[in-house]
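Let's take a walk through this structure together. Please have the sequence and the 3D view open as you read.

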Amino acid sequence: MMADITLENVSVEFPIFNANGRSLTSRILEVATGGKLDRDPDGRVVVQALEDLSMTIESGERVAIIGHNGAGKSTLLRTLNRVYVPTSGRAMVNGSVASLIDINLGINPEATGRENIHVRAALLGFSKKDISQKIAEIIEFSELGDFIEMPVRTYSTGMNLRLAFAVSTIVRPEILLMDEWLSVGDEEFTNKAEARLMELVDATKILVIASHSRELIEKVCNRVIWLERGRVVMDGPTEKVVSAYFGK
Amino acid sequence: MSSMLFVLRLSILLGWQDVKQAYRRSAIGPFWITGGMAVQVATMSLVFGLIFKADLKHYLPFLAISIVLWGFISASLTDGSNSFINADQIIRQLPLSPFVHTLRAFWKSIFTLAHNAIILPIVLVAVLQPIGLQTLLVIPGLILLALNLNWISMILAIASVRFRDLPPIVTSILTIAFYVTPVMWYPELIGNNTVAHFLLGLNPLYHLIQIVRLPLLNQMPTADNWYLSALFACVGWLVAILVVRRYQHKIAYWV
């Protein structure tokens with residue numbers, strides 16, 4: 001099985017509604033008053049997050065997305081994750097996708113560590129059977145011990161991260177999306193986490209990671225796409241794009 | 001594909017977590033929810049029993065069922081209309097079916113209903129309310145009610161994520177609906193007034209409540225109650241499916 005990604009003239013436009021555009025009552029008033037109540041009846045401004053993007057990513061590629069804040073990196077990742085269906089153009093993503101963009105997603109501080117593992121793993125698409133098979137391993141990896149039966153709000157930041165990391169990295173997708181490398185502060189835990197993440201990345205066919213870290217990109221990626229204002233500025237082998245973007 | 005099963009399982013899990021959340025720090029646990037409803041039933045049956053000069057033996061079971069049922073309907077529609085707004089983080093990160101979020105709100109109200117329903121057997125036994133075979137009709141009644149609540153929630157949820165002033169409007173409409181629908185007053189009270197009869201017949205909530213409430217009171221809902229509830233579900237789902245098809249990809253943009 002091959003995994004690949006093809007974007008054909010993909011644009012993603014966000015409508016930005018002002019208070020009137022968001023309001024049903026002012027819409028109705030507009031109709032009732034013949035639209036004369038509001039000078040800006042639609043209240044619509046469009047933000048172009050991605051503009052006419054075309055690219056192909058094949059199996060084996062480790063792609064870094066670089067660019068300044070607001071360049072469209074996150075939007076591109078979410079488009080690849082099928083969260084945003086392009087407003088125009090086509091995005092074809094073949095293969096199972098998993099995103100490690102926000103590993104804290106769905107973590108409820110009032111629930112216990114164990115309950116959170118169940119919810120988080122279910123959100124990631126695991127079945128009840130899968131979860132009960134993996135839960136011992138997840139708990140062991142997180143090194144939380146008996147704390148797993150305590151509400152997450154009693155955890156330290158480090159424990160919180162360990163839990164989120166341990167459960168999020170059980171995925172084995174063909175296409176992996178990341179927003180920066182996951183760093184799990186805890187000194188002792190770091191090596192173990194690093195090894196697990198490398199193993200996960202090695203097992204995927206395509207990695208797409210948004211990053212600001214030159215060191216990381218040079219270590220992990222073999223292709224870099226430089227975005228600015230939703231357009232591709234440069235796309236090519238790591239060395240070439242990195243030195244153009246960060247300087248020699 | 002197993003995706004329908006996935007949606008069902010995930011929404012039940014999330015809905016159950018939401019219910020647990022409501023009583024997590026309470027010492028009496030789930031009965032915290034039921035207790036509030038029981039107090040409401042007790043005070044309302046006393047006050048309105050006196051106002052309507054109703055015989056408590058008949059009024060108490062009628063009101064208890066109505067209040068529990070209305071609590072379910074109104075919670076499921078208010079939470080339903082907020083279901084995408086509340087799930088904004090998940091929607092921006094994961095490409096889940098929109099039904100996960102509306103069903104999550106639905107299951108939450110179902111689980112709450114299950115807690116509150118404990119009041120009913122107690123009340124029914126206390127007033128020696130007879131039950132018979134037709135009491136079993138409560139099951140198709142509930143299913144038909146649930147089918148209707150789900151399509152309404154889906155349409156409200158999509159509209160609410162686009163028009164953010166809709167959820168408070170829904171709350172206001174539900175408050176009005178509580179008074180114009182025979183929830184705490186007997187439908188028979190309108191007597192022979194043909195206009196009122198006609199208007200009541202047009203109120204879908206009336207029929208939906210009747211198909212659940214009457215079986216529990218050991219009475220048969222009318223054929224009209226059943227037909228109109230079923231018709232409402234079919235037409236509603238047809239519209240809802242069209243709306244979902246048209247707008248499901250917009251939800252992530254609007255949220």
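Which residue just after H4(A) takes a positive phi? Glu143(A) does, with a phi of about 55°. Before going further, a word on the ground rules: this is a predicted model, where local features need pLDDT of at least 70 and side-chain atom pairs count only at pLDDT 80 or more, while totals for chains, interfaces and linings use all residues. Residues are numbered from 1 along each chain as its sequence is written, chains are lettered from A and ligands numbered from 1 in the order in which they are written, and side-chain values use heavy atoms, with hydrogens and water left out.

Now back along H4(A), residues 128-142. Helices (H or I, at least four residues) and strands (E, at least two) are DSSP runs, numbered from the N terminus. The 15 residues of this helix should span 21 Å, because the expected rise is 1.5 Å a residue, and the end C-alpha atoms, 20 Å apart, agree with that; the expected span is 1.5 Å times one less than the number of residues. H4(A) also bends by about 45° at Lys134(A), the bend being the angle between axes fitted to the seven residues ending there and the seven starting there.

Several residues of H4(A) are buried (under 20% relative accessible area, 1.4 Å probe, protein chains only), among them Ile131(A), Ile135(A) and Phe141(A). Their cover includes H3, H5 and H6 of chain A, together with H1 of chain B.

H1 of chain B turns up again at the largest pocket, where H1 supplies at least two lining residues, as do S4 and S5 of chain A and H6 and H13 of chain B. A pocket is an open set of points on a 1 Å grid over the protein atoms alone, with protein on both sides within 12 Å along at least five of seven lines; lining residues have an atom within 4 Å of a point. This pocket holds about 1,100 Å³ of space. Of its 39 lining residues, Asn81(A), Arg82(A), Leu94(B), Pro95(B) and Leu96(B) are closest to the centre.

The second largest pocket has about 540 Å³ of space. Leu14(B), Asp18(B), Asn86(B), Ile90(B) and Arg104(B) lie nearest its centre, out of 28 lining residues.

Finally, the largest cavity (a set of points where a 1.4 Å probe fits but cannot get out) has a volume of about 40 Å³, a volume being the space filled by probe spheres set on the points, which are joined across faces, edges and corners. Leu94(B) appears here too, in a lining that includes Ser99(A), Asp102(A) and Arg120(A).

Notes. Buried means under 20% relative accessible area, exposed over 50%, partly exposed in between (1.4 Å probe, protein chains only). Contact means heavy atoms within 4.5 Å.
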